[in-house]
Amino acid sequence: MFKLMQRQKSKTKIRRPSTRNSAKFTQFISKVKQLNLAIKRLSPSWQACLPLAGLIVLGWGYVAVAQTPAPAAPAGPTTADLKIALDTLWVAIAAFLVFFMNAGFGMLETGFCRQKNAVNVLAKNLIVFALSTVAFWAIGFGLMFGDGNDFIGLSGLFLAGADNSPATGDAYQGIFSALSWAGVPLAAKFLFQLVFAGTAATIVSGAVAERIKFVDFLIFSLLLVGIAYPITGHWIWGAGWLADRGFWDFAGSTVVHSVGGWAALMGAAFLGPRIGKYQDKQAVALPGHNMSIATLGCLILWLGWFGFNPGSVMAADPNAITHIALTTNMAGAVGGIAATVTAWFYLGKPDLSMIINGILAGLVGITASCAYVSIPSSIVIGLIAGILVVFSVPFFDKLGIDDPVGATSVHLVCGIWGTLCVGLFAVGPGVYSWYGEGLGPTKGLFLGGGLGQLITQFLGAAAVGGMTVFLSSIFWLVLKATLGIRVTREEELEGLDIGEHGMEAYSGFLKEASPSGFSDGPSSGGMSSGSDLKSTM
């Protein structure tokens, strides 16, 4: 009896769950039918999306399950690291712009020389930077920026020696203390200074064009970049004696342009004028052959100056870069306008060569003071530079200095003018933030600062000029006594392209009408000797 009751109870327990499951199963089937009905009501497009959505959900689930904990992310760059990277990028870009100025020099010089010498001019402009690179790396950079004394650097030849750049100030430990203010790697410092050294050598190329032996120019370029340029540069940018006296040259009106101009002047003087330049004691224009590429060269140089001057900040300082770019551009623009108007009155025509001259004169004139003067002052600086260059060209002609591209007029004359402008127009320390506390030139004469800064600027320009003339004269005289610096009369008449290089720039094109390769007289469009298609490089 007891067993029978137990079996009945067991059957009852078994039946109850079965009934509940049946009810749940019925509800499930009902919901499935409702879902199926709802799906059928959807459009075919939506129905096709449902399987894809299911696969995506399954995939996400798998990834979430399979994913292993990721390692901790490495720490990002610090603010100091980012500043060094940005500063280095800007210095590199500025150096590339200045390097591109070599193309401008090549185009401008070639355009303003006669076509029979085009290959020679192009070859000089191309090889000079290659030579400058080797000379400045081996000797020049160490003499200019290496630690030594107030006269010359005595360490850092071949760019070797202790250096922990980009550390600055008291944290810097190395042999290039003069550049310890720049927070970029040593390679960036060298690259930027290298393109400046190459510019100084290129200035000489145009002044001695159309009659110098190719090998003599190469040797002189090595001597200039390796010895003369670094010595005077050390006095100013290498923390030498002129820097100690308070001489300021922000981007090189004296350090680069005047040095190149003095060396060019001495080269042109020792070489003598081109055949046919002076007839009956009068200077005769020897027109260049291609004003198109000369104008292109001017525009390239104008562009390059936005690396030349703003790049000298050697830091990505937005206020400094933009201010310097504006003063640079304003001086160049006003210089071109001033030269155009002056030439129009003085020569009777708005000579294109003088327009080019004026633009480059304004750019050279503002180079020393671009970070220290206001924009209105830059207008005055460019204005006077543009006027000066128009009168400077015939002045050198009267002295018997034959400069086919006017390098001395623009780089030397306007370089000196630009150096003096620091003492005339500088706003004084504490006005612009990029000087640093208490740094920069004292207030200029025209802003109520007295004669102190102007006298210092004059002293520096004279000292650098004297040393450059002395060293350049030695180099030219030694070359003249050993190798001879001038080509033969026959080679000059035929053209240096054939005599020096054995090739022509324009093979098959019509040559000059005159067999001698120069014009028979001053009948070149009514232009005076001042319009000898002169320009700077």
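This passage walks through a predicted model, taking in one helix, the largest pocket, the salt bridges and a few spots with unusual backbone geometry.

A good place to start is helix α6, which runs over residues 214-236 and so counts 23 residues. From its first C-alpha to its last, α6 reaches 32 Å, close to the 33 Å expected at 1.5 Å a residue. The helix does have a kink, though: α6 bends by about 45 degrees, with the kink centred on Leu 224. Most of α6 is tucked away from solvent, since 18 of its 23 residues come in under the 20% cut-off for buried. As a reminder on helices in general, an α-helix has 3.6 residues a turn, so residues three or four places apart point the same way.

Next comes the largest pocket, which holds about 1100 Å³ of space. Its lining is made up of 39 residues. Those that lie nearest the centre of the pocket are Trp 181, Trp 248, Phe 250, Ser 312 and Tyr 435. Sorted by class, the lining has 26 nonpolar residues, along with 9 polar and 4 charged ones. Two helices that each supply at least two lining residues are α3 (79-112) and α5 (186-207). Of the contributors, α3 gives the most, with 4 residues.

On to the charged pairs. Side chains of opposite charge can pair when their charged atoms come close. In this model the count comes to 6 salt bridges. One of them is formed by Glu 210 and Arg 114, whose closest N and O atoms are 3.2 Å apart. That pair links distant parts of the chain, with Glu 210 in the loop between α5 and α6 and Arg 114 in the loop between α3 and α4 (118-145), 96 residues apart. Both Glu 210 and Arg 114 are buried.

Another salt bridge brings together the side chains of Asp 402 and Arg 274, at 2.8 Å from N to O. Asp 402 sits in the loop between α12 (375-398) and α13 (407-425), while Arg 274 sits in the loop between α8 (253-271) and β1 (278-279), so this pair ties together parts that are 128 residues apart in sequence. Neither partner shows much surface: Asp 402 is buried at a relative accessible area of 0%, and Arg 274 counts as buried because its relative accessibility is 3%, under the 20% cut-off.

The side chains of Asp 397 and Lys 277 also meet in a salt bridge, with 3.9 Å between N and O. Here the link is between helix α12, which holds Asp 397, and the loop between α8 and β1, which holds Lys 277; the two residues are 120 apart along the chain. Asp 397 is buried, with a relative accessible area of 2%, and Lys 277 is buried as well, at 0%. Stepping back, salt bridges that share partners join Arg 114, Glu 210, Arg 274 and Asp 402 into one network.

The backbone has some oddities too. Most residues other than glycine have a negative phi, and most peptide bonds are trans. Against that background, the peptide bond joining Ser 165 and Pro 166 is cis, with omega at about 15 degrees. Pro 166 belongs to the loop between α4 and α5. Then there is Asp 280, which is not a glycine but still has a positive phi of about 55 degrees. Asp 280 lies in the loop between β1 and β2 (282-283), and Lys 281 has its place in the loop between β1 and β2 as well. Lys 281 likewise shows a positive phi, about 65 degrees, although it is not a glycine. As for solvent, Asp 280 is exposed because its relative accessible area is 75%, over the 50% cut-off. Lys 281 is exposed too, with a relative accessible area of 81%.

A last contact to look at involves helix α4, where Val 128 is found. The C-alpha atoms of Val 128 and Thr 202 are separated by 6.7 Å, even though the two residues are 74 apart along the chain. Val 128 is buried, and its relative accessible area is 0%.

Notes: Residues numbered from 1 in each chain as written. Predicted model: local features only at pLDDT ≥ 70, side-chain atom pairs only at ≥ 80, totals over all residues. Heavy atoms only, no water. Expected span 1.5 Å × (residues − 1). Bend = angle between axes of the 7 residues up to and from the residue. Buried < 20%, exposed > 50% of the residue type's maximum accessible area, 1.4 Å probe, protein only. 1 Å grid on protein atoms, 1.4 Å probe; cavity = no way out; pocket = protein on both sides within 12 Å on 5 of 7 lines; lining within 4 Å. Points joined across faces, edges and corners; volume = space filled by probe spheres on them. Nonpolar A, V, L, I, M, F, W, Y, C, P; charged D, E, K, R; others polar. Salt bridge = Lys/Arg side-chain N within 4 Å of Asp/Glu carboxyl O.
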